[in-house]
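Thank you all for coming. I would like to take a few minutes to walk through one structure, element by element, and I will start as soon as it is on the screen.

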Amino acid sequence: MLEQNVNLEDKTILVTGAAGFIGANLILQLLRTVERVRIVGIDNMNDYYDVSLKEFRLGQIRELADAVSGAFVFVKGSIADRDVVREIFGQYRPHVVVNLAAQAGVRYSIENPDAYIESNLIGFYNILEACRHSYDNGATGVEHLVYASSSSVYGSNRKIPYATEDKVDNPVSLYAATKKSDELLAHAYAKLYGIPSTGLRFFTVYGPAGRPDMAYFGFTDKLVKNETIKIFNYGNCRRDFTYIDDIVTGVQAVMRCAPLPNGDGVKYRIYNIGNNQPENLLDFVEILQDELKRAQILPADYDFEAHKELVGMQPGDVEVTYADVSELERDFGFKPSTDLRAGLRCFAQWYKAFYLS
């Protein structure tokens with residue numbers, strides 16, 4: 001047995017990045033499925049992308065919380081602010097912490113590195129310190145810390161699919177370097193202070209109300225405006241696209257199982273969480289345009305070939321992401337069930353309702 005069961009019922013759960021794509025969908029799923037759960041969400045609501053999208057997600061959470069009489073408290077603030085984090089832990093004393101707050105994006109890390117150091121390193125350090133002190137004076141403390149890592153930590157590894165035992169010592173972006181640093185920090189705190197910690201390396205999460213900086217969303221925006229889309233590495237890229245519902249199902253399963261001490265006596269695990277089925281970027285774009293036509297976002301006779309440009313690889317990008325999820329399947333029964341066409345169909349329907357209706 002590698003994990004200890006964590007009962008989420010009647011517990012207080014802190015979700016950082018609560019207005020973010022994964023964070024908001026996780027909170028919605030917890031409110032729907034866990035009895036008497038109390039959720040505290042924190043988000044700094046920065047303008048890295050359209051804030052109205054974050055407000056939309058928060059509106060969904062508040063509406064559902066009212067409908068199910070769920071307890072949801074939202075704190076607008078940054079996890080990089082130590083005093084804010086301390087106040088949340090002191091007032092609400094969370095039993096489970098899910099750290100999803102981060103400055104995301106590979107390319108943006110080249111333009112604005114400060115944001116990554118502040119959120120991904122200082123912010124996560126503050127969360128770890130708060131978890132550490134939750135055990136002070138004989139208190140029960142945090143039962144499980146689950147935190148977001150990224151497939152980006154694999155860098156330019158040529159071995160595929162990526163497995164958690166592979167070396168991840170050669171990041172090709174600052175974003176990837178901060179995520180690998182988070183894993184190291186979590187291991188140190190698990191070793192020193194006994195904090196049960198599980199890191200999840202996410203692989204290209206997509207779906208309705210997703211992040212506008214992701215390719216499928218950006219492509220749609222440009223095609224709607226009759227602009228040209230750039231397809232990097234001349235289309236010779238493959239991505240392990242993972243639908244949001246599959247992701248939150250996996251995260252919730254992991255939350256319920258805190259790691260027991262491993263062979264080195266450390267309560268620490270790392271998992272890949274992806275679709276285990278990489279798609280060629282050109283095939284992906286073809287499916288996307290089909291679904292945009294089906295949703296009547298693009299006209300049926302739209303000349304897609306005239307709106308795409310094949311260009312070279314962007315700095316910090318990699319050719320392939322491909323998750324070996326055998327460990328997650330073995331320990332939690334995780335198996336994604338949403339194929340790419342079905343997922344993009346849901347996205348296209350949402351996009352039309354949100355932006356064009």
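**Isoleucine 122 and its helix**

Leaving out the neighbours within four places in sequence, isoleucine 122 is in contact with Ala80 and Ile117. Please keep in mind throughout that what we are looking at is a predicted model. Isoleucine 122 has its place in helix H5, and with a relative accessible area of 40% it is partly exposed, because that value falls between the 20% and 50% cut-offs. For a sense of distance across the fold, isoleucine 122 and threonine 204 are 82 residues apart in sequence, and their C-alpha atoms are 24 Å apart in space.

Let me stay with H5, which covers residues 113-133. Its 21 residues should span 30 Å at 1.5 Å a residue, and the end C-alpha atoms are 29 Å apart, which agrees. Which residues of H5 are buried? They are Ala115, Tyr116, Ser119, Asn120, Gly123, Phe124, Asn126, Ile127, Leu128, Glu129, Ala130 and Cys131. The elements that cover these buried residues include E2, H3, strand E5 at 96-99, helix H4 at 108-111, E6 and H6.

**The second largest pocket**

H5 also takes part in a pocket, and that is my next stop. Helix H3, residues 82-92, and helix H5 each supply at least two residues of the lining of the second largest pocket. This pocket holds about 340 Å³ of space, and 17 residues line it, with Phe89, Arg93, Ala130, His133 and Ser134 lying nearest its centre. Ala130, which I have just named in this lining, is also one of the buried residues of H5. Sorted by class, the lining of the second largest pocket consists of five nonpolar, seven polar and five charged residues.

**Helix H1**

Turning to helix H1, residues 21-33, the same check of length can be made: at 1.5 Å a residue its 13 residues should span 18 Å, and the end C-alpha atoms lie 19 Å apart, which agrees. How many of the 13 residues of H1 are buried? Ten of them are, so that H1 is mostly covered, buried here being under 20% relative accessible area. The buried residues in H1 are Phe21, Ile22, Gly23, Ala24, Asn25, Leu26, Ile27, Leu28, Leu30 and Leu31.

**Backbone details in three loops**

I would now like to point out some backbone geometry, beginning with the loop between strand E1 (3-5) and strand E2 (12-16), where aspartate 10 lies. Aspartate 10 has a positive phi of about 60° although it is not a glycine, and with a relative accessible area of 37% this residue is partly exposed. Methionine 45, in the loop between strand E3 (38-43) and helix H2 (51-67), likewise has a positive phi, of about 55°, although it is not a glycine. Is methionine 45 buried or exposed? Its relative accessible area is 12%, and because that is under 20%, methionine 45 counts as buried.

The third loop runs between strand E6 (144-150) and helix H6 (174-193), and it contains proline 161. The peptide bond from isoleucine 160 to proline 161 is cis, with omega near -5°.

**Two buried charged residues, and one partly exposed**

Going back to the loop between E1 and E2, we also find lysine 11 there, and at 14% relative accessibility lysine 11 counts as buried. Its side chain is joined to that of glutamate 143 by a polar contact of 3.1 Å. Not counting residues up to four places away in sequence, lysine 11 touches Arg36, Val37, Arg38, His95 and Glu143.

Glutamate 183, found in helix H6, is buried as well, at 2% relative accessibility. With residues up to four places away in sequence again set aside, glutamate 183 touches Tyr147, Ser149, Val153, Arg201, Tyr268 and Ile270.

My last residue is aspartate 290, in helix H9, residues 281-294, which at 33% relative accessibility counts as partly exposed. How far apart are the C-alpha atoms of aspartate 290 and arginine 341, given that 51 residues separate the two along the chain? The separation of these C-alpha atoms is 9.0 Å.

Definitions and conventions:
Residues numbered from 1 in each chain as written. Predicted model: local features only at pLDDT ≥ 70, side-chain atom pairs only at ≥ 80, totals over all residues. Heavy atoms only, no water. Helix = DSSP H or I, 4+ residues; strand = E, 2+ residues; numbered from the N terminus. Buried < 20%, exposed > 50% of the residue type's maximum accessible area, 1.4 Å probe, protein only. Polar contact = N/O pair within 3.5 Å; in protein donor to acceptor, adjacent residues only side chain to side chain. Contact = heavy atoms within 4.5 Å. Expected span 1.5 Å × (residues − 1). 1 Å grid on protein atoms, 1.4 Å probe; cavity = no way out; pocket = protein on both sides within 12 Å on 5 of 7 lines; lining within 4 Å. Points joined across faces, edges and corners; volume = space filled by probe spheres on them. Nonpolar A, V, L, I, M, F, W, Y, C, P; charged D, E, K, R; others polar.
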